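Got the viewer open? Here is a short tour, one selection at a time.

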Amino acid sequence: MRSICLNRQGRLAAGLGVSCLLFCLISIGQPLVINDSGYFEKPGVNVMVFSSQYNGMFFDEKTAGIELIHHGVRTCTGGAIRLQNTPEQWDLIPVLVGRKVDKQNGTIEASLKYAAYDFVSRVVVAAKDKGVEISVYLDKPVPEKLEGSAGFNLEFLPSAYFEKSYYADGKPGTFPLYPASPTRIEPVSKKIPQFAGHTTFDDRGRGEFIVPGPLAAGHSLVLAPEDPEREVSIRCADAELQLFDGRNLGQNGWFIVRSLLPAGKTGKVLSWYLEPNAVAGWRRKPVVEFSQVGYRPQQEKVAVIELDKADAPLANASLHRVTPEGKDVVALTGGVKSWGRWLRYNYAKFDFSSVREAGVYYIEYGGQRTNSFPIGEDVYKDIWHPTLDVWFPVQMDHMEVNEAYRVWHGVPFMDDALQAPVNHQHFDGYSMGASTQTKYKPLQRIPGLATGGWFDAGDFDIQTGSHCDAVLAMVDAWEKFGLRRDETFVDYPTHYVDIHRPDGMPDLLQQIKHGTLNMVAQVKNIGHPVRGIVVPNLHQYHHLGDAVNETDNLPFNPDLKPYQSDGKSSGTMDDRWAFTERNVFLDYYTAAALAAASRALKGFDDELAEQSLFYARQLWREDDSLSRSDTSRFGSQFRRNLRLAAALQLYITTKEEEYGKAFRDAIWPTLDRSAGFGMTAALQACTYMDEGYKSRLKDYVVRYKATCDALVRQNPYGVPMATGGWGGNGGIVNWSITNYYAHRVFPDVIGEEYVWKGLDYLFGCHPYSNVSFVSAVGTHSKRITYGNNRADFSYIAGGVVPGILILKPDFPENKEDWPFFWGENEVTVGICANYIFLGAAAGELSR
């Protein structure tokens, strides 16, 4: 007779044994408790209370407040006092002024403040029954200006609730796949101002804004009652619960449950009961993590198995080969070795390095079968092609970009650019001080900037620092590997680019030229590089769609009225601004990039090559005291390293001893401060230095290797993981490049496995999932990224995402069903150019 377990509806289900029955019965009514990491927990449910806070840099990043991790997936965020029905990214956010965790009484309290309104609230979350009670306390009533606006919001991830239902006071409804809830127009006098007076809404001068209405309302809401892993019940006797769709105002909006705070009251003014359903006996399924690109026969091959913390590794896993006839052959059954605990999961490893026969394989663990991957000599041969063939052409500014039947974008920003005004703080982190530091007056047109450059990332600005990074990496790839691939047609007279259409020119040189054109134009027309060139209005900045529509492509004419045009100019202030405040870091960085570009472009575009070297020399000679500089310890080290880079590139280009001496004088103190910080440049220089230099460097490389080896004990992947607000793939790519150089110069110290380890991570052997972080590279790769087509839940082939975001205190995440987390999924020019180099290096090592 089979044993039984009770499922959550009380029906009998076939089980596995008496222990299963006991575990299920216990977990059905198990209360939430506060764990040692400071959040509420039980199997299948975590409730975090301001473990992360709004950081103010990009305002609401959807990673703060009260959050819910529901059966292993973060489905809810932003539990806080908010001032709108559906707050947008740049709406005002509360500052966390205090947080108290009381494990003994099972409560976590967060004190929040809106300084502009002197409005302080306390949100107390307490374990209750099978969920939590969320209570809001006020010592003073809601300020009069915020009456009818201040409320408690809790946001739910749309992709977790698409094609699911809800009940509002017993009345059924369906979560819309596309926003369709009612809206109304209100005068702007009623609007709570957004960051620094900016506005996300282009009201065309009408003085109005949009207010979303609710999908449903009641005192009881049940979300996804048909899905045990997503069901959440909310009850409120004090006030009405309203369900909103934030996507009416922005495609990155979430579903929001909201209750307004009452006017004129103090003390406990609002109370919710929140009960996330917990599936009886739930444990997170093991994630078998491996390289989706595959492996070379002779390289180390180790899969990492990520397990629920209540799970222990099985004794064995197996590797299966699929024959050309479709037969399944067990290639290896091997032991699984426990690695231990890291963050919230247990980890184990399955080593199948002994399997060297070329073929198609998959891994089986505990009855779970992975997708297939290859083992073969040439698995790395083409891994950089999509990035150079597709991603970089799509990012090309001031050009129309076509691909077969598709036009990615028209010719944008031919109205570039105006001098940014003084004493201005831009919403994307740019700023201007008291002087333009140029010959141009605020909002005066700067000529010659409508040329070259790339869109930096998922938005449409030009960031010069990223251009420097990209050009340096591309020149390095050209000089080291001679990449002559030709799959892109570029025609400057007609501003036209066509993907998958050879034109007889190496694509890599064409991209180097395109990035260099804009940097030369900056120094030529302004006198120094600029931090960035970006649209001035917030309602432009969040633009999703064809870049050509972000401005009207007509130069601004102050003599015309807004939206008025004479056919040649426009009265609409939508032209991009150049943020020209000088920075010594950027001067040296640009000098390095231009010096390098001059070498690559010689014989390809001699005029641009000559200009590049001329302006590189000019920037080297500038007086550093004229530039703004970060005087912190890190800032000083960063400045020294970029000066060092400029000296090296100028020395390689000119062979002039002035630059060689400047590099040699700087490199050893830099390495003494940190063996890793200047190591790449030190290794790159070996070709141009004497044997004494190389001999001296070896001791530093030995020290550097020790730091690499220590990573094996820090995390199960043995790579340098990032813990900030941006995923760590950029650092891991650069680390792998450094290891490549170290292996090439000192193969007796660092083996090639230090390169493969970073690539394995990038291609799927990483936390949370086993997806390749490079779109269209590997069997299973990123299909949703934060690019300029993110509103379509799509990707651009060859884009490399930032990767894993570690949300405090212990949750690694990379969403594959929601593109709007820039820290996880936004692709930038710097990492993609470095990836081209790394991909080519892997191919070279394979040969």
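Helices and strands here are DSSP runs (H or I, at least four residues, for helices; E, at least two, for strands), numbered from the N terminus. This is a predicted model, where local features need pLDDT of at least 70, side-chain atom pairs count only at pLDDT 80 or more, and totals for chains, interfaces and linings use all residues. Residues are numbered from 1 along each chain as its sequence is written, and side-chain values use heavy atoms, with hydrogens and water left out.

**Stop one: F195.** Select F195, in the loop that runs between β15 (183-187) and β16 (208-212). F195 is buried at 17% relative accessible area (buried means under 20%, exposed over 50%, partly exposed in between; 1.4 Å probe, protein chains only). Beyond four places in sequence, its contacts (heavy atoms within 4.5 Å) are F59, W90, L92, Q425, H426 and F427. Try a C-alpha distance to H426: you should get 9.8 Å, across 231 residues of chain.

**Stop two: the largest nonpolar core.** Such a core is a set of buried Ala, Val, Leu, Ile, Met, Phe, Trp, Tyr and Cys residues joined through side-chain atoms within 4.5 Å. This one has 141 residues, and I512, F663, Y693, L697 and F763 touch the most other members. Now colour helix α7 (residues 584-601), the top contributor with 13 residues. Apart from this core lies another, of 85 residues, including C76 and F460.

**Last stop: cysteines.** How many disulfides (cysteine sulfur pairs within 2.5 Å) does the structure hold? The count is 0. For C468, the nearest cysteine sulfur belongs to C832, 17 Å away; C468 is buried, at 0% relative accessibility.

Technical notes:
Disulfide = S-S within 2.5 Å.
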